[in-house]
Amino acid sequence: MNLVLQGVGDCKARLERIGALTASANLTWLGERALRCEGIAFSPALRQTLEVAAQAAQLDATYSIGLHKMSDYKLVAMDMDSTLITIECIDEIADMQGLKAQVSEITEAAMRGELDFAESLQRRVALLEGLDASALERVYDERLQLSPGAETMLKAVQAAGMKTLLVSGGFTFFTERLKKRLGLDYTHANELEIVDGKLTGKVVGGIVDAEEKKRTVERVCAELGISPSQAIVMGDGANDLKMMSISGMSVAFRAKPVVREQANVALNFVGLDGILPLLT
């Protein structure tokens, strides 16, 4: 069993301290902020000790059997809101209506898996009825920020020849702009209905829910002539679990507990570029 420890900032001493607990005879530095410990004599008790120690030291700990290489994968599929970007776009749009708290509460419940996603989206979008469509541009220009490590991660996987997919329960207004800005290959999201320059409170066509996200990953993989096992899928909410479940590497990024528990990789402290030391 191998373990990769990662942190942010000046974390070398913390990495060395937790690495020593593994009793690994082969410690390999992967840059300045990641340490691979190979050949760990795995046991549930040791894993619990390491996980508690890593959490206390604000380090991410990823276990694997064998080593994974970048060439093992051909596609990176990402959720958008709170994964590729730091915000939930619908919450920020709702803020323009003075309804952020109300909408955010529904969003959080849906991401925890407590509400049906499609129903929750319809409820939230309905609250936006009558809002001037210019609010979308304001959210993009004033509030949307990429998650830490996003650009570094994307440049690395694109340089390696991997394709990229942004599949979101959010909105095409934002995914299409990010596609152009970041050079993404594929995007799929919900389309807000706009009439006479105002939001109608409805979505055009079918809703991109958990099942549709999964179908999208399968569809893109089929188009590329690859298996979903050759895809890395990243997400943070319960509606990402289905697409994550078919991937070769599922990554929970600063995710809800239900997602962290089911993912292969959980990145709670480092940025999206935290997948790179895992692919060496």
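**Exercise 1. The second largest pocket**

Which residues lie nearest the centre of the second largest pocket, and how many residues line it?

*Solution.* The structure under study is a predicted model.
Step 1. The lining of the second largest pocket is made up of 13 residues.
Step 2. Those nearest its centre are Gln6, Gly7, Arg33, Asp273 and Pro277.
Step 3. Sorted by class, this lining holds five nonpolar, five polar and three charged residues.
Step 4. The volume of the second largest pocket is about 190 Å³.

**Exercise 2. The largest pocket**

Describe the largest pocket by its volume, its lining and the elements that contribute to that lining.

*Solution.* Step 1. A volume of about 590 Å³ is found for the largest pocket.
Step 2. Its lining counts 30 residues, and Ala61, Thr62, Tyr63, Asn264 and Ala266 are the ones nearest the centre.
Step 3. Three elements, α2 (44–56), β4 (60–64) and β11 (265–267), each supply two or more residues to this lining.
Step 4. Of these elements, β4 provides the largest share, with five residues.
Step 5. In terms of class, 16 residues of the lining are nonpolar, nine are polar and five are charged.

**Exercise 3. The cavity and the annotated residues**

Determine how many cavities of 30 Å³ or more the structure contains, and establish which residues of the UniProt "active site" set belong to the lining of the largest cavity.

*Solution.* Step 1. Searching the whole structure yields one cavity of 30 Å³ or more.
Step 2. The largest cavity has a volume of about 130 Å³.
Step 3. It is lined by 14 residues, and Asp81, Glu88, Phe117, Gly169 and Gly170 are nearest its centre.
Step 4. Two or more lining residues come from each of α5 (117–126) and β6 (163–171), and β6 gives the most, with four residues.
Step 5. The lining divides into five nonpolar, four polar and five charged residues.
Step 6. An unreviewed UniProt entry lists Asp79 and Asp81 under "active site". Both Asp79 and Asp81 are found in the lining of the largest cavity.
Step 7. Asp79 is located in the loop between β5 and α3 (89–95).

**Exercise 4. The order of the sheet**

In what order do the seven strands of the open sheet stand, and why is one side of β8 and of β11 left without a neighbour in the sheet?

*Solution.* Step 1. The strand order is β8-β7-β6-β5-β9-β10-β11, with mixed pairing.
Step 2. β8 (198–204) and β11 are the edge strands; each has a single partner strand, and therefore one side of each has no neighbour in the sheet.
Step 3. On average, neighbouring strands of this sheet are turned by 25 degrees against each other, direction ignored.
Step 4. As an example of pairing, β5 (residues 75–78) and β9 (residues 231–235) run parallel and are joined by four bridges. Within this pair, Leu75 has Ala231 of β9 as its bridge partner.

**Exercise 5. Helices on the sheet**

Identify the strands touched by helix α7 and those across which helix α9 lies, and state the angle given for each helix.

*Solution.* Step 1. Helix α7 (residues 150–159) packs on the sheet and touches β5, β6 and β9.
Step 2. The direction of α7 makes about 150 degrees with that of β5.
Step 3. Helix α9 (residues 210–224) lies across β5, β6, β7 (186–195) and β9.
Step 4. Relative to β6, helix α9 runs at about 160 degrees.

Notes:
Residues are numbered from 1 along each chain as its sequence is written. This is a predicted model: local features need pLDDT of at least 70, side-chain atom pairs count only at pLDDT 80 or more; totals for chains, interfaces and linings use all residues. Side-chain values use heavy atoms; hydrogens and water are left out. On a 1 Å grid over the protein atoms alone, a cavity is a set of points where a 1.4 Å probe fits but cannot get out, and a pocket is an open set with protein on both sides within 12 Å along at least five of seven lines; lining residues have an atom within 4 Å of a point. Grid points are joined across faces, edges and corners, and a volume is the space filled by probe spheres set on the points. Ala, Val, Leu, Ile, Met, Phe, Trp, Tyr, Cys and Pro count as nonpolar, Asp, Glu, Lys and Arg as charged, and the others, Gly among them, as polar. Two strands pair if DSSP finds at least two bridges between them. Axes are lines fitted to C-alpha atoms, for helices over the stretch in contact, and angles run from 0 to 180 degrees between N-to-C directions. Contact means heavy atoms within 4.5 Å. UniProt positions are given in the numbering used here, feature names are shortened, and annotations may be inferred rather than shown by experiment.
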